[in-house]
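Here is a short round of questions and answers on one structure. Look it over first, then read on.

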Amino acid sequence: MKNAKCKVQKSKYQFVFYILHFALLLPPSLRERKRYLVFEVISEREIDKRELLEEIRDSIYSLYGDVGASESRIWLIDYDKKKDVGILRCAHNKVEEVRAALACIHSVNEARIGMRVIKIAGTIKGATRLIEKSV
Amino acid sequence: MPNFFDLNVHAYPETDVPVEDMYRIAKRYGYTGIAITNHDDTEKGKEILPPSISTFVFRGVEIRTKSVSELKRKIKLHYGEVPLLAVHGGSEVINEAALKDSRVDILAHPCGEKGEGELSHVLVRYAAKNGVAIDFNLNAIIHSRRSDRARILWKMRENLKLVRKYKAPAIISSNARFIYDLRAPREMIALASLFGMKKDEAIHALSAIPEGVLEHKWKKKTEVEII
């Protein structure tokens, strides 16, 4: 009996959270459209996620300036050190610009690297599926 | 999908990177062929191409000199010996001498590796007439920052304007010295868009024109006209 009550309460809470979650999120029509770039890195040594993000930001700022960087809205979602692949989010109409900025990266803390975009996906789920398929 | 070529790559005798490594990475990136064009004055030994990759890797030479008379002598020496003859551009005198010679296939980085050289409309007209491909070296964009890069992009934009006007053959190359300098074709297209090259132009400069250069397509035409 006790257990059943607990279950009911839990589901109730879940329902409330569910409602709150959607109330606080931006409505889909107002959300910005994004693209997820699956990229691979070839490098002399293992590259840390933070180092890589700093270098990507640096490259975009030096190529397009502050205004261009703000428009491209990049965000490093994930980077796997072992497999040398990662996912980068950007605005849906700035894919080619971000690609050029990634191609301009030649070293991270004096270790030479080369980057390449493997695939572009519309959702994180799609991007992770692509990674699992390719590796 | 078109066949992509990168006609300016430096490997083993000049750098420490073996040709096989370049081949492996270029193949992975989706190229159909690369050309190893080592500088003739730094060559320590002859590169050995294993027969398994000889259909993918083309042999070439990049002549680097400062005087016109020496350039002419070297062109005479290498012409017919190697399938691809490139000239290390940069100074205006060398650019002019290379573009006037129809035996030359490629004028590599005419605006220099740091954007110091220039091309004029007269020279580009010679390039169109003699079938010398003008190379846009993207390594210069990748490895420079700020004012250097701005100057290089400006020079490339001017060259592109002239190339469009006189319909001279233009190619995009990486001028790679390490495997990390190579870029995949789509990255090259994105980089070419930085100096105003459109997507279809860039694809053409990576696929059809290099293929024509390897087959000496534009040379044959002029020979027929002379006969």
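Q: Over how many bridges do strands E5 and E6 of chain B pair?
A: This is a predicted model, in which local features need pLDDT of at least 70, side-chain atom pairs count only at pLDDT 80 or more, and totals for chains, interfaces and linings use all residues. Residues are numbered from 1 along each chain as its sequence is written, chains are lettered from A and ligands numbered from 1 in the order in which they are written, and side-chain values use heavy atoms, leaving out hydrogens and water. Strands are DSSP runs (E, at least two residues; helices are H or I, at least four), numbered from the N terminus, and two strands pair if DSSP finds at least two bridges between them. E5 (residues 106–108) and E6 (residues 133–137) of chain B pair in the parallel sense, and the number of bridges is 2.

Q: Which residue of E6(B) does B:Leu107 stand opposite?
A: Strands of a sheet pair through backbone hydrogen bonds, either parallel or antiparallel. Opposite B:Leu107, in E6(B), stands B:Ile134.

Q: Which strands are the edges of the open sheet in chain B?
A: The sheet has 7 strands with parallel pairing, in the order E1-E2-E3-E4-E5-E6-E7. An edge strand here pairs on one side only. The edges are E1 (5–9) and E7 (170–173) of chain B.

Q: What angle does the direction of helix H1 of chain B make with that of E2(B)?
A: H1 (residues 19–29) packs on the sheet, touching E1, E2 (33–39) and E3 (57–63) of chain B. Axes are lines fitted to C-alpha atoms, for helices over the stretch in contact (heavy atoms within 4.5 Å). Angles run from 0 to 180 degrees between N-to-C directions. The angle with E2(B) is about 145°.

Q: Why are the buried residues of H1(B) on the same side?
A: Buried means under 20% relative accessible area (exposed is over 50%, partly exposed in between; 1.4 Å probe, protein chains only). In H1(B) this holds for B:Val19, B:Met22, B:Ile25, B:Ala26 and B:Tyr29. They lie on the same side of H1(B) because the arc they cover around the axis, taken from the directions from the helix axis to the C-beta atoms, is only 135°.

Q: Which strands of chain A do the buried residues of H1(B) pack against?
A: Within chain B, these residues pack against E1, E2, E3 and helix H7 (185–192). In chain A, the partners are E1 (34–43) and E5 (111–121).
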